[in-house]
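User: I would like to learn how to read the features of a protein model, beginning with the overall fold and then moving to single helices and residues.

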Amino acid sequence: MPELPEVETTRRALAPHVCGQFIQAVCIRNPRLRQPVPPFLAEILPRQQVHALERRAKYLLFACDQGHLLVHLGMSGSLRLAERAELPQKHDHIDLLFDNGALLRYRDPRRFGLFLWCQDPHQHPLLATLGPEPLTAGFNGAYLYARAQGRRQAIKTFLMDNHIVVGVGNIYASESLFLAGIDPVRAAGRISLARYETLAQAVKEVLHAAIAQGGTTLRDFVSGVSQPGYFAQSLRVYQRDGYPCLHCGAPIQRRVIGQRASYYCPHCQR
Ligand SMILES: [Zn+2]
């Protein structure tokens, strides 16, 4: 599943090809995504200029003349630049063609993605209640500590709650808690401000490293080939159960927390 680093990598790779460009044509071959793709997109998008390609949580926002195209990659979606002569494959549901010749192709085998149109994406029901972005100054130890007061849920579940902070998926929550030395089942309300400061820094560090390496799933934007990314080789605990902890040598443990597989070192994380 594309996580925040993959979406940010996609945004950075595509922005130079689409920003400032005019959309020439839209081809919707299959509108049956998580919500139906509005058929009017093919009418209103042509002749609009894309002013910016932004990201909020795992949503890509194409800022156009008259509003925003809001795209979510769902479970298996990808956006890539294709050659104009390249025939669409079975799961290539949507094409955006630009004046400069760029062809942006959306592929989504499981069709959990979204292609929607809205005026103000930040007021959209899908985005309005989201927590802060993890890579902004507003996400810090004091913020986490304040939000955690009185909460008995496991810190890992708390950290993966989109209303608390966006984009900290299962892999990144496990890795950040290991870096911060915090037991993933510890109650969120029973962690000190100092430890939350360490944790906020760990989240930023893990996400920055993943973005720098193109996410955990590497995508080739020209051919659209997807393979395990370089970041997968940097994982310290995720899916390393039974292997020695990189700090102390004790075997990494696996435990299900909030219905998600979690990986941690019982010696280093308290
Ligand atoms: Zn350890």
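Analyst: What follows takes up the whole chain, then two helices, then some individual residues. This is a predicted model, in which local features need pLDDT of at least 70 and side-chain atom pairs count only at pLDDT 80 or more, while totals for chains, interfaces and linings use all residues. Residues are numbered from 1 along each chain as its sequence is written, and side-chain values use heavy atoms, with hydrogens and water left out.

User: How many helices and strands does the protein have, and how is its radius of gyration to be read?

Analyst: Helices (H or I, at least four residues) and strands (E, at least two) are DSSP runs, numbered from the N terminus. The protein has six helices and 12 strands. The radius of gyration is taken over C-alpha atoms, and the globule rule is 2.2 Å times the number of residues to the power 0.38. Here the value is 20 Å, close to the 18 Å that the rule gives for 270 residues, so the protein is as compact as a globular protein of that length. Its C-alpha atoms fill a box of roughly 60 × 35 × 30 Å, taken along the principal axes.

User: What percentage of the residues count as buried?

Analyst: A residue is buried under 20% relative accessible area, exposed over 50%, and partly exposed in between (1.4 Å probe, protein chains only). By that division, 51% of the 270 residues count as buried.

User: Why is helix α5 described as largely enclosed, and what covers its buried residues?

Analyst: In α5 (residues 170-180), 10 of the 11 residues are buried, so this helix is largely enclosed by the rest of the structure. Among those buried residues are Ile-171, Tyr-172, Leu-177 and Phe-178, together with Asn-170 and Glu-175. Contact means heavy atoms within 4.5 Å, and the cover over the buried residues of α5 includes α1 (4-18), α4 (155-159), α6 (193-212) and β12 (260-264). The helix is followed by Gly-181, whose phi is positive, near 70°.

User: Which residues of helix α3 are buried, and how do they lie around its axis?

Analyst: In α3 (residues 141-148), the buried residues are Gly-141, Tyr-143, Leu-144 and Ala-148. The arc is that of the directions from the helix axis to the C-beta atoms. Seen down the axis of α3, the buried residues fall within an arc of 165°, so they line one face of the helix. Their cover includes α4 and α6.

User: What does Arg-236 touch beyond its neighbours in sequence?

Analyst: Arg-236 is found in the loop between β10 (226-228) and β11 (253-257), and it is partly exposed, with a relative accessible area of 29%. Leaving aside neighbours within four places in sequence, Arg-236 is in contact with Glu-175, Phe-178, Leu-179 and Leu-246. The C-alpha atoms of Arg-236 and Cys-265, 29 residues apart along the chain, are separated by 9.9 Å.

User: How should I read a positive phi, and where is Ala-57 found?

Analyst: Most residues other than glycine have a negative phi. Ala-57 has a positive phi of about 55° although it is not a glycine; this residue is found in the loop between β2 (50-56) and β3 (59-64), and it is buried, with a relative accessible area of 5%. Arg-111 also has a positive phi, near 60°, and is found in the loop between β7 (103-107) and β8 (114-118), where Arg-111 counts as partly exposed at 31% relative accessibility.
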